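Student: I am new to this structure and would like a close look at one part of it. Could you walk me through it in a connected way?

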Amino acid sequence: MARTLYDKIWDEHVVHTEDDGTTILYIDRHVIHEVTSPQAFEGLRQAGRKVWRISSIVATADHNTPTTGWENGLDGIADPISKEQIVTLDTNIKEYGAAAYFPFLSKRQGICHVIAPENGAALPGMTLVCGDSHTSTMGAMGALAHGIGTSEVEHVMATQTLLAKKAKNMLIKVEGTLSKGCSGKDIVLAIIGKIGTAGGTGYTIEFAGSAIRALSMEGRMTVC
């Protein structure tokens with residue numbers, strides 16, 4: 001029986017499936033940042049657990065980093081809570097480790113969904129999670145990528161797996177040539193306009209068609 005890309009990636013990462021469909025899914029790559037990781041690291045610390053596979057973790061300072069004032073270092077972060085989260089990430093990575101870490105002021109630090117592909121951390125066929133709802137951006141690389149909650153961040157750190165139920169398949173084909181001035185954002189807004197903001201609930205969407213194939217990788221990331 002023919003399988004979608006989603007079917008193939010899912011099937012290759014199943015550890016165990018219960019009768020009700022609840023599945024233990026192996027996770028290849030875990031991208032973390034300073035907002036949803038502190039509670040997860042603290043949970044590991046209190047339970048006396050280690051990170052199961054340090055080589056899976058790519059970390060960066062993201063949401064709380066300012067775009068100006070870098071010449072002032074950490075003092076350039078005006079909000080004390082934001083600063084504390086950046087410092088806490090540094091502390092946790094020093095204690096637990098990571099395959100790659102791009103801290104605040106690093107030349108390669110940035111939006112986690114952008115720098116992971118830039119640095120070769122998001123690859124076709126991977127299962128990839130991050131404690132952020134925009135993680136599906138990296139689905140553009142042919143990965144099964146999606147956001148998870150903070151308790152799940154800890155679970156993946158501790159076990160390298162995620163409890164999940166398989167979604168349904170949805171194929172969206174976009175054919176033709178975009179008009180001048182139109183981009184991937186226009187495509188996805190048009191799709192949302194047709195299926196609604198909740199139109200993808202319960203599904204994993206795969207995009208196809210000549211208009212999708214003609215997009216740059218940045219355009220495909222925008223769609224995803």
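Student: Let us take R45: what is its relative accessible area, and is R45 buried, exposed or partly exposed?

Tutor: Happy to help! Please keep in mind that this is a predicted model. R45 has a relative accessible area of 32%, and because buried means under 20% and exposed means over 50%, R45 is classed as partly exposed.

Now for the partner of this residue. R45 forms a salt bridge with E95, and the closest N and O atoms of the two are 2.8 Å apart. This pair ties together distant parts of the chain: R45 belongs to helix α2, which covers residues 38–47, while E95 belongs to helix α3, which covers residues 80–96, and 50 residues separate the two. E95 is partly exposed as well, with 46% relative accessibility.

A further residue joins in here. Through salt bridges that share partners, E42, R45 and E95 are connected into one network.

To put this in context, the whole structure has 5 salt bridges. Another one of them pairs D75 with K83, where the closest N and O atoms are 3.3 Å apart. Here D75 is exposed, at 62% relative accessible area, whereas K83 is partly exposed, at 28%. R3 and D11 also form a salt bridge, with 3.0 Å between their closest N and O atoms. In that pair, R3 has a relative accessibility of 41% and is partly exposed, and D11 is partly exposed too, at 38%.

Let us return to the helices of our pair, and turn to nonpolar residues. The largest nonpolar core contains 22 residues, and the members that touch the most others are I32, F41, L44 and M157. Helices α2 and α3 are among the elements that give this core two or more residues, along with β4 (57–60) and α5 (150–159). So the two helices bridged by R45 and E95 both contribute to this core.

F41 is a good residue to zoom in on. Setting aside neighbours within four places in sequence, F41 is in contact with I32, V51, N92, I93, Y96 and M157. Two of the names in that list, I32 and M157, also appear with F41 among the core residues that touch the most other members.

Finally, there is a second, separate core of 15 residues, with C112, A121, M141 and A145 among them.

Technical notes: Residues numbered from 1 in each chain as written. Predicted model: local features only at pLDDT ≥ 70, side-chain atom pairs only at ≥ 80, totals over all residues. Heavy atoms only, no water. Salt bridge = Lys/Arg side-chain N within 4 Å of Asp/Glu carboxyl O. Buried < 20%, exposed > 50% of the residue type's maximum accessible area, 1.4 Å probe, protein only. Helix = DSSP H or I, 4+ residues; strand = E, 2+ residues; numbered from the N terminus. Core = buried A, V, L, I, M, F, W, Y, C linked by side-chain atoms within 4.5 Å. Contact = heavy atoms within 4.5 Å.
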